[in-house]
Amino acid sequence: MAGFTFTKEDSHTGSLILVSPGFSLMKIPDESRMAPAVPDQPGVLMDTTAGLHLTELLNHIRSGRKITAVSGFRTQEEQEQIWNDSLRENGLEFTRQYVAVPGHSEHQTGLAIDLGENKEPVDFIRPAFPRSGICEQFRQEAPKFGFIERYRKGKEPVTGISEEPWHFRYVGYPHSAIMAERNLTLEEYISFLKSTTDQERPFYYNCGAKEMMIFYVPVDERADIKLPKGMTCRFSGTNEGGVVVTAEHNRQNGDGEQR
């Protein structure tokens with residue numbers, strides 16, 4: 001068996017962290033992990049891993065220059081500037097609907113990206129990303145590459161954010177696919193894992209030739225788990241008190257050997 005120990009600090013990092021009106025960003029991401037979200041737009045940054053998958057997705061749908069990256073990673077200072085500018089230009093009601101309070105914005109994680117249809121003018125706060133054409137093709141294919149449409153219509157009571165069809169969040173695969181299939185927000189997905197899984201009762205998800213085992217681990221000051229040796233494991237904090245473990249089962253070939 002292989003042992004793993006999680007600390008409270010671990011619960012505040014990873015692709016599944018919840019940053020929302022009710023949960024502030026607890027650990028500032030390392031800016032050295034940020035890179036251009038797409039190769040030809042060096043001014044829009046994103047977490048390196050998320051950006052690689054975004055580029056793969058855009059290439060997969062052959063978007064060319066039909067989709068543009070509008071806003072990616074933001075520092076605390078940048079988020080404060082956007083908030084204050086919107087207050088001055090649009091008023092409090094609009095700003096509360098479409099701009100996150102500084103310290104509570106997914107953009108500050110480097111895992112979120114606002115995209116727009118590449119047609120002038122492109123609105124920085126509410127870029128057009130229609131539910132048709134290449135934009136809808138992106139939306140439909142996004143879960144295969146680890147992305148979810150974060151703020152959907154009808155989910156406002158859960159997310160606390162108005163519908164934003166242009167805002168996508170990297171959570172990683174297979175979590176993105178599970179959320180899409182079950183029509184779950186990130187909040188609902190974490191709640192689902194928290195209430196129905198643990199190390200003894202994992203959630204199983206088939207990914208073609210692979211079978212993924214997913215479960216939630218509550219973390220106060222520290223938590224210890226043990227997993228069979230040889231499993232490929234990934235971990236992500238949730239930012240609300242726990243860590244999600246994603247482990248890949250070893251398969252066997254017809255001769256009974258592991259592969």
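**Exercise 1. Decide whether N183 is buried, partly exposed or exposed, and describe its backbone and its place in the chain.**

Solution. In this predicted model, the relative accessible area of N183 is 44%. Buried would require a value under 20% and exposed a value over 50%, so N183 is classed as partly exposed. As for its place, N183 sits in the loop that runs between helix 6 and helix 7 (186-196). Its phi is near 55°, which is a positive value in a residue other than glycine. Most residues other than glycine have a negative phi.

**Exercise 2. Carry out the analysis for R62, stating its phi, its loop and its exposure.**

Solution. The phi of R62 is near 55°, again positive in a residue that is not glycine. The loop that holds R62 lies between helix 1 and strand 4. Because its relative accessible area is 72%, R62 counts as exposed.

**Exercise 3. Locate cis peptide bonds that end in P121 and P174.**

Solution. Begin with P121, which is joined to E120 by a cis peptide bond with omega of about -5°; P121 belongs to the loop between strand 5 and helix 4. Continue with the bond from Y173 to P174, which is also cis, with omega near 15°; P174 is placed in the loop between strand 7 and helix 6 (175-182). For context, most peptide bonds are trans.

**Exercise 4. Work out which residues of helix 4 (residues 133-141) are buried and what they pack against.**

Solution. The buried residues of helix 4 are I134, C135, E136, F138, R139 and E141. For C135 the relative accessibility is 0%, and therefore C135 counts as buried. The partners of these buried residues are helix 1 (48-60), strand 4 (67-71), strand 5 (112-117), strand 6 (147-151) and strand 7 (164-170).

**Exercise 5. Determine how many disulfides the model has, and examine C207.**

Solution. A disulfide requires two cysteine sulfur atoms within 2.5 Å, and by this rule the count is zero. For C207, the nearest cysteine sulfur is that of C233, 14 Å away, and C207 is in no disulfide. C207 is nevertheless buried, with a relative accessible area of 15%.

**Exercise 6. Judge whether the radius of gyration of the chain agrees or disagrees with that of a compact globule.**

Solution. A compact globule of 259 residues would have a radius of gyration near 18 Å, and the chain has 19 Å, so the two agree. The C-alpha atoms fill a box of roughly 65 × 40 × 35 Å along the principal axes, and 50% of the 259 residues count as buried. Among contacts between residues at least 6 apart in sequence, 66% join residues at least 24 apart.

Terms used. Residues are numbered from 1 along each chain as its sequence is written. This is a predicted model: local features need pLDDT of at least 70, side-chain atom pairs count only at pLDDT 80 or more; totals for chains, interfaces and linings use all residues. Side-chain values use heavy atoms; hydrogens and water are left out. Buried means under 20% relative accessible area, exposed over 50%, partly exposed in between (1.4 Å probe, protein chains only). Helices (H or I, at least four residues) and strands (E, at least two) are DSSP runs, numbered from the N terminus. Contact means heavy atoms within 4.5 Å. The radius of gyration is taken over C-alpha atoms; the globule rule is 2.2 Å times the number of residues to the power 0.38.
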